Amino acid sequence: VLSHEIAEIDMKKVSGTSYSKFQLLLFENYLVAFELTEEETYNNRVDFWGNAVVTKRNVKRYYQHFKMKDFSEIRKTSHDKETSYIHLNHYQGPSLVPSSSLVFRFPFGKQSDCEDIHNKLEELRKKSSAEIMKGSDHLDHDCIVFRKEINDNSEVMQHESCKDCGNFFKGKLQTGINCLTCNDLFHKECFASNKDDDYGTEEEKFDDPEDL
């Protein structure tokens, strides 16, 4: 599910030397970057002064995607009064990984944009890093958070059901756990339940000695 779109921003990797223009799509678990460039095309024609006629067009190309949970921290800095930055840092142990760490640059007058984008990124990072509680049936399973928005105008039955309890996911925005190992959907509570806890919980019944 697309959470936010940033039409244009100055961005570079920490390992890079210069900033470029990018469009960013912020999903629940991913940041997808498209590089914005301007291409020139020569038409084999010249103008009145003998200069080659050049046609320019804006081009958007897929650049790279990044997992939000890989960013260990997202922080703002201001190296001077005119420019603000957002640093998305990826660490392996104590070491920063420059090739997968990003810097956004905001010129003077864009401080409010910097604050707004920082808050959105931090919210997505926290959500993507939230630990999924696994019950006894799924301890070693691979899983992700499941979210699905119901289209009110659709005539097709869109509500999914939980594999464990059989009940439907409720609400227009359905949320739960998608167990990749089981290839099924579960309520968070059902996915986290420990089945072993149910064993022996029923009170054991004994015969009355007088009836023997």
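Here are three short exercises on the strands of this predicted model, each with a worked solution.

**Exercise 1.** Work out the strand order of the open sheet, and find which strands are at its edges.

*Solution.* Start with the whole sheet: its 7 strands follow the order β4-β3-β2-β1-β9-β6-β5, and the pairing is antiparallel. Next, look for strands that pair on one side only: these are β4 and β5 (73-77), the edge strands. To finish, follow the twist, which averages 35° from one strand to the next.

**Exercise 2.** Trace the pairing from β1 through β2 to β3, and name a pair of facing residues at each step.

*Solution.* Begin at β1 (residues 2-13), which is joined to β2 by 7 bridges, with the two strands antiparallel. Here, His4 has Leu26 of β2 as its bridge partner. Now move on: β2 (residues 20-27) runs antiparallel to β3 (residues 30-46), and 5 bridges link them. In this pairing, Leu24 lies opposite Ala33 of β3. Lastly, check the connection: 2 residues separate β2 and β3, which form a hairpin.

**Exercise 3.** How many bridges join β3 to β4, and which residue in the turn of their hairpin has a positive phi?

*Solution.* Count the bridges first: there are 14 between β3 and β4 (residues 52-67), and the strands run antiparallel. Then pick out a facing pair: Ala33, the residue opposite Leu24, also stands opposite Gln64 in β4. Now turn to the hairpin, where 5 residues lie between β3 and β4. The residue you are after is Gly50, whose phi is about 85°.

Methods. Residues numbered from 1 in each chain as written. Predicted model: local features only at pLDDT ≥ 70, side-chain atom pairs only at ≥ 80, totals over all residues. Heavy atoms only, no water. Pairing = 2+ DSSP bridges. Helix = DSSP H or I, 4+ residues; strand = E, 2+ residues; numbered from the N terminus. Axes fitted to C-alpha atoms, helices over the stretch in contact; angles between N-to-C directions.
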